[in-house]
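Colleague: I am new to this model and would like a close look at one part of it, the pockets. Please go through what lines them and where those residues come from.

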Amino acid sequence: MPRADAPPARRTPTNRVFGDRTAILFLLLPTLVVYVALKVVPVAWSLGLSLFEGNALRGMEFVGLDNFATFFTDDAALHALVVSVVFAVVATVCQVTLGYLLALLYVFVLRRGSAFVRTAVFFPMVLPTVAVALLFRSLVGVGDNQGPVNDVINLFGGESVEFLVSTAGTMVVAVAMTLWSSMGFYAVLMYTGLLDIPEEVIESARLDGASGFRLVRHIVVPLSLPILLSSVIFSLNATLKVFDSLLALNNGGPGTSTAPLTLYMYRTAFEYAEYGYGSTIAVVLTLLCLVFTLAVFRSSSKRVED
């Protein structure tokens with residue numbers, strides 16, 4: 001038990017700084033200013049513009065919530081919404097699943113020898129998305145500039161397939177392109193989460209007879225659930241906002257059948273100069289990302305309660 005006359009604990013410089021609210025505010029202020037300027041202000045500006053109709057040339061007219069009513073009766077907007085949601089769900093399931101399988105491969109099979117494989121799989125992530133889209137466009141090309149994919153099909157006696165002239169073919173190429181370019185990122189992200197699982201827990205489960213699929217299902221997956229859910233949220237938000245890769249791949253074609261909500265927003269605001277309606281689409285997209293994020297959080301909280 002400490003003596004009553006013992007001197008008080010000495011406060012270090014770090015304790016003095018983080019114990020001073022003024023110092024904390026002074027340190028956080030630059031970051032808060034940048035965040036508000038780059039995040040909060042644009043969202044508030046878009047929300048305000050969504051209540052108006054027009055552009056800088058013909059003027060802006062206040063229309064209230066009419067733009068939102070128009071959105072839900074606009075067939076083109078609803079189709080773009082469906083394309084965005086379908087692409088996001090399919091790409092997220094594939095990205096997170098393959099990323100998790102790769103992470104398991106890194107941790108339990110390759111182990112210390114996984115550094116080269118991790119680097120090789122992660123490398124497409126650093127490439128420009130437009131360059132990746134043009135690469136995949138050339139891979140599935142037909143005619144005079146036929147790509148290697150159709151060369152392989154021809155090698156086995158099949159006829160060349162024009163992937164980008166159909167909606168289904170374009171979406172397949174788009175999902176494959178997204179997987180190739182980003183699954184390495186999710187693999188590394190979940191790999192770091194798997195490394196946090198205590199080795200003692202794994203060894204104890206193995207001594208109790210758990211191995212292979214049972215070990216992964218009952219031990220590894222529950223313990224890595226937080227990083228798994230984070231990966232789902234990252235992937236959903238990234239794929240819902242996909243734009244440049246689909247634009248470069250097939251310009252949202254054939255026609256507008258694979259145009260996501262972001263491309264429809266761009267064309268509305270910058271090609272047709274409908275700033276108010278374009279801002280409305282941006283607000284809907286923001287709310288859509290928020291709904292998906294809250295749904296994932298809600299499902300995770302229910303799992304924890306169970």
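Modeller: What follows describes the pockets, then two single residues.

The model is predicted, so local features need pLDDT of at least 70 and side-chain atom pairs count only at pLDDT 80 or more, while totals for chains, interfaces and linings use all residues. Residues are numbered from 1 along each chain as its sequence is written, and side-chain values use heavy atoms, without hydrogens or water.

The largest pocket holds about 690 Å³ of space. A pocket here is an open set of points on a 1 Å grid over the protein atoms alone, where a 1.4 Å probe fits, with protein on both sides within 12 Å along at least five of seven lines; lining residues have an atom within 4 Å of a point. Its volume is the space filled by probe spheres on those points, joined across faces, edges and corners.

The lining of the largest pocket is made of 25 residues, and Pro42, Val43, Ser46, Ala282 and Thr286 are the closest to its centre. Two or more lining residues come from each of helix 2 (21-49), helix 13 (261-271) and helix 14 (275-305). Helices are DSSP runs (H or I, at least four residues), numbered from the N terminus. Helix 2 gives the most to this lining, ten residues. Sorted by class, the lining of the largest pocket has 17 nonpolar, six polar and two charged residues. Asp, Glu, Lys and Arg are the charged class; Ala, Val, Leu, Ile, Met, Phe, Trp, Tyr, Cys and Pro are nonpolar; the others, Gly among them, are polar.

The second largest pocket holds about 390 Å³. Of its 20 lining residues, Thr129, Thr178, Ser181, Ser182 and Ala238 are the closest to the centre. At least two residues of this lining are supplied by each of helix 4 (75-110), helix 6 (129-139), helix 8 (167-195), helix 11 (225-240) and helix 12 (244-250). Helix 8 gives the most here, with six residues. By class, the lining of the second largest pocket has eleven nonpolar, seven polar and two charged residues.

Two residues complete the account. Val36 belongs to helix 2. It counts as partly exposed because its relative accessibility is 38%, where buried means under 20% relative accessible area, exposed over 50% and partly exposed in between (1.4 Å probe, protein chains only). Pro148 is part of helix 7 (residues 148-155). With a relative accessible area of 43%, Pro148 is also partly exposed. Its C-alpha atom is 8.4 Å from that of Ser138, and ten residues separate Pro148 and Ser138 along the chain.
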